[in-house]
Amino acid sequence: MGGEPQLDEALRALAGHGRQGKVPAAADIRRRGDRRRRRRRAGTAALGAVLVGLLGAGVVLARPAGDPNSLPIGPAGPTAASAGAGPAPTARPPPRATGGGGRAPTTRPARA
C-alpha cells in the first residue's frame with residue numbers, strides 16, 4: 001500500500017528524534033499529516049481538472065473536417081411546385097467518347 005513507506009519514514013524520523021531527546025509534539029505531527037493530505041487532495045483535483053480539459057479539447061478537435069451545415073438538405077416530401085408538374089423527365093446517359101483520343105469530333109460547315 002502507499003501508506004507503509006511513509007509510515008516507515010515517519011517511524012525512522014521519530015526514532016532519530018528520540019535518540020536526540022527531541023520528539024515533536026503530537027499536534028505538530030498531526031498538522032504535518034493534515035497539510036500533506038490537503039496538498040495531495042488539491043493535486044488530485046487539479047489533475048482531474050486538467051484531464052477533463054484535455055478530454056474536452058480532444059472532443060472539439062476530433063470533429064469531422066466538413067461543416068455539418070454545408071450539406072444541402074431538401075424537403076422530405078414533394079413540394080407544391082413539383083407535385084402538379086407531372087412525372088420528372090428521365091436522365092439521358094452521357095455521350096460516348098470516340099476513339100480519337102477522347103475528343104468528340106467537331107463538325108465544320110463545308111466550304112464552297
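Partly exposed means a relative accessible area between the buried limit, under 20%, and the exposed limit, over 50%. The model used in these exercises is predicted.

**Exercise 1. Elements and confidence**

Task: State how many helices and strands the protein has, and find which element has the lowest mean pLDDT and which the highest.

Solution:
- Step 1. Count the elements. The protein has three helices and zero strands.
- Step 2. Write their order. From the N terminus, the elements run α-α-α.
- Step 3. Look at the confidence of each element. Helix 3, residues 80–83, has the lowest mean pLDDT, 59. Helix 2 has the highest, 94.
- Step 4. Turn to the protein as a whole. The average pLDDT is 75. A score of at least 70 is reached by 54% of the residues.

**Exercise 2. A salt bridge between Asp28 and Arg31**

Task: Classify Asp28 as buried, partly exposed or exposed, then describe how its side chain meets that of Arg31.

Solution:
- Step 1. Take the value for Asp28. Its relative accessibility is 31%, so Asp28 counts as partly exposed.
- Step 2. Do likewise for Arg31. Its relative accessible area is 44%, so Arg31 is partly exposed.
- Step 3. Check the contact. The two side chains, of Asp28 and Arg31, form a salt bridge with an N to O distance of 3.0 Å. The cut-off is 4 Å.
- Step 4. Place the pair in the chain. Asp28 and Arg31 are three residues apart in helix 2, so about one helical turn separates them.

**Exercise 3. The pair Asp34 and Arg37**

Task: How many salt bridges does the structure hold? Describe the one between Asp34 and Arg37.

Solution:
- Step 1. Give the total. The structure holds two salt bridges.
- Step 2. Give the distance. In the bridge of Asp34 with Arg37, the closest N and O atoms are 2.8 Å apart.
- Step 3. Find the spacing. Asp34 and Arg37 lie three residues apart in helix 2, which means about one helical turn between them.
- Step 4. Classify both partners. Asp34, at 28% relative accessible area, is partly exposed. Arg37, at 38% relative accessibility, is partly exposed.

**Exercise 4. The largest pocket**

Task: Describe the volume and the lining of the largest pocket.

Solution:
- Step 1. State the volume. It is about 550 Å³.
- Step 2. Count the lining. There are 18 residues, with Gln6, Ala10, Ile29, Gly33 and Arg36 nearest the centre of the pocket.
- Step 3. Trace the lining to its elements. Helix 1 (3–20) and helix 2 (26–61) each give at least two residues. Helix 1 gives the largest share, nine residues.
- Step 4. Sort by class. Seven lining residues are nonpolar, four are polar and seven are charged.

**Exercise 5. The surface**

Task: What share of the residues is buried, and what is the accessible surface of the protein?

Solution:
- Step 1. Use the cut-off for buried, under 20% relative accessible area. Of the 112 residues, 0% are buried.
- Step 2. Give the area. The accessible surface is about 10,800 Å².
- Step 3. Split the area by atom type. Carbon and sulfur atoms hold 61% of this surface.

Methods. Residues numbered from 1 in each chain as written. Predicted model: local features only at pLDDT ≥ 70, side-chain atom pairs only at ≥ 80, totals over all residues. Heavy atoms only, no water. 1 Å grid on protein atoms, 1.4 Å probe; cavity = no way out; pocket = protein on both sides within 12 Å on 5 of 7 lines; lining within 4 Å. Points joined across faces, edges and corners; volume = space filled by probe spheres on them. Helix = DSSP H or I, 4+ residues; strand = E, 2+ residues; numbered from the N terminus. Nonpolar A, V, L, I, M, F, W, Y, C, P; charged D, E, K, R; others polar. Buried < 20%, exposed > 50% of the residue type's maximum accessible area, 1.4 Å probe, protein only. Areas by Shrake-Rupley, 256 points an atom, 1.4 Å probe, with all protein chains shown as cover. pLDDT = per-residue confidence, 0-100.
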